[in-house]
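Biologist: I have a model open and would like to learn how to read it. Where should we start?

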Amino acid sequence: MGPQGSGKSTQADLLAKELGLPRLSTGDLCRRLREEDSELGRLVMGYYDRGALVSDKDILLILKSELRRPQYQNGFVLDGFPRNLWQVGNAPFEVDKVFYLDVSDEEGIRRNLKRRRLDDTEELLKQRLGIYHQETEPVLDFYREQGVLCEVDGERPVEVIFEDILSKIKI
Ligand code: AMP
């Protein structure tokens, strides 16, 4: 977990490769669906393109249908879910560990404006950061209380952060 531009997809990718598990990104699932000429694709596009979260029920359906694929049976590295407390309560999986990449809003915005994703205009980034602080930060508190949250300083080079994450995981 982490705000926009915290490098969570990069770290999730590295960790998935290291653990030999698939990475599952709800953001990637949404981007794929958004390209589809289907009712669900148009629905996702409506949320995605204005920097809003897809509705809880829809993102849960999308995630559950992806999780039916056999490659996830032995576990997976999840990126982008849960984003609020409702999603925590309705998550269709058990959590072993949660990594939180701590990065300031300023640094996150600076990094994201360098990549060229459709939803990375400054206005939409600020919008998504606002949602992050309001809805997703309580999720961190929940996992902290559960004792599964590992906080990682995300304002360091990619390799240093990854080493830190590995040192906090028992393989
Ligand atoms: P991300 O790549 O994780 O920043 O996600 C990009 C966009 O996908 C978000 O702004 C939402 O529109 C949608 N999305 C991804 N994950 C979720 C989620 N767990 N709940 C709702 N919407 C999501």
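Modeller: Start with one residue and list what it touches. This is a predicted model. Leaving out residues up to four places away in sequence, E155 touches D102, V103, S104, E107 and R111.

Biologist: Where is E155 found, and what does its side chain reach?

Modeller: E155 is in the loop between strand 4 and helix 8. Its side chain reaches the backbone nitrogen of S104 at 2.8 Å.

Biologist: Is E155 buried, exposed or partly exposed?

Modeller: Burial is read from relative accessible area, and the middle class runs from 20% to 50%. E155 has 40% relative accessibility, so it counts as partly exposed. As for distance along the chain and in space, E155 and F142 are 13 residues apart in sequence, and their C-alpha atoms are separated by 23 Å.

Biologist: Next, the helices on either side of that contact list. Which residues of helix 6 are buried?

Modeller: In helix 6, residues 105-112, the buried ones are E107, G108, I109 and N112. Their cover includes helix 7, residues 122-146.

Biologist: And which residues of helix 8 are buried?

Modeller: Helix 8 spans residues 158-167, and its buried residues are I161, F162, D164, I165 and L166. Helix 1, strand 3 (98-102) and strand 4 (149-153) are among the elements that cover them.

Biologist: How do I read a nonpolar core? How many residues does the largest one have?

Modeller: Look for buried nonpolar residues whose side chains are joined by contacts. The largest such core here has 16 residues, and L24, C30, V44, L63, L67, F81 and F93 have the most contacts inside it. At least two residues each come from helix 2 (26-34), helix 3 (39-48) and helix 4 (56-67). Helix 4 gives the most, with five residues. Another core lies apart from this one; it has 13 residues, including L15, A16, I161 and I165.

Biologist: Take C30 as an example. What is C30 in contact with, beyond its neighbours within four places in sequence?

Modeller: C30 is in contact with V44, Y48, V54 and I59.

Biologist: Then I59. Where is its place, and why does it count as buried?

Modeller: I59 is in helix 4. Its relative accessibility is 7%, so it counts as buried. Leaving aside neighbours within four places in sequence, I59 is in contact with T26, C30, V54, F81 and Q87. By contrast with a contact, I59 and L113 are 26 Å apart, C-alpha to C-alpha, with their positions 54 residues apart in sequence.

Biologist: T26 is on that list. What does T26 look like from its own side?

Modeller: T26 is in helix 2. It counts as buried because its relative accessibility is 4%. T26 and I59 are 33 residues apart along the chain, and their C-alpha atoms are separated by 7.8 Å. Apart from neighbours within four places in sequence, T26 is in contact with I59, L63, D79, G80, F81 and R83.

Biologist: How do I read the surroundings of a ligand? How many residues surround it here?

Modeller: List the shell, then the polar contacts. The ligand is surrounded by 16 residues, the closest being T26, A52, V54, G80 and Q87. Helix 2 gives the most to the shell, with four residues. By class, the shell has seven nonpolar, four polar and five charged residues.

Biologist: Which atoms of G80, R83 and R117 lie by the ligand?

Modeller: For G80, a backbone N or O atom lies 2.9 Å from a nitrogen atom of the ligand. R83 has a polar side-chain atom 3.0 Å from a ligand oxygen atom, and R117 has one 3.4 Å from an oxygen atom of the ligand. On its own the ligand has 480 Å² of accessible area, and the protein covers 98% of it.

Biologist: One last feature, the peptide bond. What kind joins F81 and P82?

Modeller: Most peptide bonds are trans. The bond between F81 and P82 is cis, with omega about 0 degrees. P82 is in the loop between strand 2 (77-79) and helix 5 (85-89).

Key: Residues are numbered from 1 along each chain as its sequence is written. This is a predicted model: local features need pLDDT of at least 70, side-chain atom pairs count only at pLDDT 80 or more; totals for chains, interfaces and linings use all residues. Side-chain values use heavy atoms; hydrogens and water are left out. A nonpolar core is a set of buried Ala, Val, Leu, Ile, Met, Phe, Trp, Tyr and Cys residues joined through side-chain atoms within 4.5 Å. Buried means under 20% relative accessible area, exposed over 50%, partly exposed in between (1.4 Å probe, protein chains only). Contact means heavy atoms within 4.5 Å. A residue is near a molecule or strand if one of its heavy atoms lies within 4 Å of it. A polar contact is a pair of N or O atoms within 3.5 Å; within protein, one must be able to donate a hydrogen and the other to accept it, and residues adjacent in sequence count only if both atoms are side-chain atoms. Accessible areas come from the Shrake-Rupley method with a 1.4 Å probe; for residues, only the protein chains shown count as cover. Ala, Val, Leu, Ile, Met, Phe, Trp, Tyr, Cys and Pro count as nonpolar, Asp, Glu, Lys and Arg as charged, and the others, Gly among them, as polar.
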